[in-house]
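User: I would like to learn how to read a model of this kind one feature at a time. Could we take each feature in turn, with the general idea and then the case at hand?

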Amino acid sequence: MIGLRRSRLHPWAVWMVIGLGILALAGCGGADNPATATPTAGGTPAITVQDAWVRATTGTEPGQMTAAYLTLVNTLPHDERLIGARAEGAGAVEIHETTMQGEMMHMAPVSGVDVAAGASVALAPGGLHLMLLDLDRALVPDDTVVLTLIFESGLELLVEAPVRPLVQE
Amino acid sequence: MIRPRPRLTLPGLVLLAAVLAGCGLAPDPAQPTATPLPGTVLNPPRVLADFTLTDHTGAPFGLDDLRGRVALVFFGFTHCPDICPTTLADFKQVKTQLGSATDEVAFVFVSVDGARDTPERLAAYVRAFDPDFIGLTGDDAVLRPVAADFGVYYQAHAPAGGSGNYLVDHTASVFALDREGRLAIVFPYGTPPDAIARRLRALL
């Protein structure tokens, strides 16, 4: 049945995006790459964010909501737990998870996302995501949204997430 | 992506037999493999009760407005940030893949959140995906029997997380109606757009 499953997030595609991201950042001399708030040069253990993006809003009036997605990579020797986030221009950000119970879609806030030492966790469509609420402006493709990810350890990461169109090829 | 093996395994044979028995379809000769397309074909198609909802322009909209066209229908709500926009983005890709045949297909988003989804809000929402998409809304009393007729259930939750925003659980299947406005195919959530497009072509 593998051939029938949605192919939105093949591991190779994720890695290709990450690879392209690294190439793009290298190309523009991103020494202060905001997506990697903790120094990683020389493979220093860190928690890093890959492939962050925000879906464009569907309306133009203030008060819109949308979702943000990203992958957390933890090369630290200890577990971390994402417990919240802020987003520039959003009145509130909640960590949500979509689950399917049969064909019934259920979405609910979760208190946090564990990222074990040496592991990575994807916040991706159809699963975990950040819900950005009460936005003060419409988000259109090529905008960026600055996200602050808050971890239980007290660590905060700044991420600059590009806005992607509603319909992606 | 693991390619389906050309030889049929026992579970494969059972599945194929079940699909053939269930929908009375011969394998599509255009398909290079024996892999059946996702989706449950209703044979015969199921007659739906007529209904009157309100479309995104504020006009009454019923089953008669869909007759003569094939329709692709999804139930959701505009404050749903994850799978509703994902599914409508898939609808847009289905429309693109159908090419000129798309004139004969209606793409319909039915709100299960009539309290917040006014025609104005729906109009902005569906047009953000495609100017031809149709949004429908209605009071809970009007909508619930329509949804139930499709086999769709929904349940609003009390606000959580302190923002006052509430979420609505809902059936996430996608439905295809034939030109007579009968329920012809039920696609499970996450059916790839190309599979939906191929199935719709068979209805056109």
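User: Which residue takes a positive phi just after α2(B)?

Analyst: This is a predicted model, and in it the residue that directly follows α2(B) is Gly99(B), with a positive phi of about 60°. The helix before Gly99(B) spans residues 83–98 of chain B, and its 16 residues reach 22 Å from the first C-alpha to the last, close to the 22 Å expected at 1.5 Å a residue.

User: Which residues of α2(B) are buried?

Analyst: The general idea is that an α-helix has 3.6 residues a turn, so residues three or four places apart point the same way. In this helix the buried residues include Leu88(B), Phe91(B), Val94(B), Lys95(B) and Leu98(B), and the buried set also takes in Ile83(B), Cys84(B), Pro85(B), Thr86(B), Thr87(B) and Asp90(B).

User: How should I read the nonpolar cores, and which residues have the most contacts inside the largest one?

Analyst: In soluble globular proteins, nonpolar side chains tend to be buried together. Here the largest nonpolar core has 52 residues, and those with the most contacts inside it are Leu72(B), Val73(B), Val108(B), Ala176(B), Leu177(B) and Leu200(B). Apart from that core lies another, of 33 residues, among them Leu82(A), Ala90(A), Met131(A) and Leu139(A). If neighbours within four places in sequence are left aside, Leu200(B) is in contact with Val70(B), Leu72(B), Val94(B), Leu98(B), Val105(B) and Ala176(B); of these, Val94(B) and Leu98(B) are also buried residues of α2(B).

User: How many residues does each chain bring to the contact between them, and which element gives the most on the side of chain B?

Analyst: An interface can be read by its residue counts, then by element, and then by class. The contact takes 35 residues from chain B and 32 residues from chain A. On the side of chain B, the elements that give two or more residues are α2, α3 (119–129) and β8 (168–171), and α2(B) gives the most, with six residues. By class, that side has 19 nonpolar, 12 polar and four charged residues. Strand pairing also links the chains, as β5 (residues 104–109) of chain A and β8(B) pair in the antiparallel sense over two bridges, with His170(B) as the bridge partner of Met105(A).

User: Why is strand β2 of chain A described as largely enclosed?

Analyst: The reasoning goes from burial to enclosure: 10 of the 11 residues of β2(A), which covers residues 64–74, are buried, so the strand is largely enclosed by the rest of the structure. Its pairings fill in the picture. β1 (residues 47–55) of chain A pairs with β2(A) in the antiparallel sense over six bridges, and Val49(A) stands opposite Leu72(A). Four bridges join β2(A) to the antiparallel β8 (residues 128–135) of chain A, where Ala68(A) stands opposite Leu130(A). Four bridges also join β2(A) to β7 (residues 120–123) of chain A, again antiparallel, and there Thr71(A) has Ala122(A) as its bridge partner.

User: Where in chain A does pLDDT stay under 50?

Analyst: Where pLDDT is low, the predicted coordinates should not be read in detail. In chain A, pLDDT stays under 50 over residues 1–41, for which the model has 40 contacts beyond four places in sequence. For chain A as a whole, the mean pLDDT is 82, and 75% of its residues reach 70 or more.

How values were computed:
Residues are numbered from 1 along each chain as its sequence is written. Chains are lettered from A and ligands numbered from 1 in the order in which they are written. This is a predicted model: local features need pLDDT of at least 70, side-chain atom pairs count only at pLDDT 80 or more; totals for chains, interfaces and linings use all residues. A nonpolar core is a set of buried Ala, Val, Leu, Ile, Met, Phe, Trp, Tyr and Cys residues joined through C-beta atoms within 7 Å. A residue is buried if 20 or more other C-beta atoms lie within 10 Å of its own, exposed if 12 or fewer, and partly exposed in between; C-beta atoms are placed from the backbone. Two residues are in contact if their C-beta atoms, placed from the backbone, lie within 7 Å. The expected span of a helix is 1.5 Å times one less than its number of residues. Ala, Val, Leu, Ile, Met, Phe, Trp, Tyr, Cys and Pro count as nonpolar, Asp, Glu, Lys and Arg as charged, and the others, Gly among them, as polar. Two strands pair if DSSP finds at least two bridges between them. pLDDT is the predictor's confidence in each residue, from 0 to 100.
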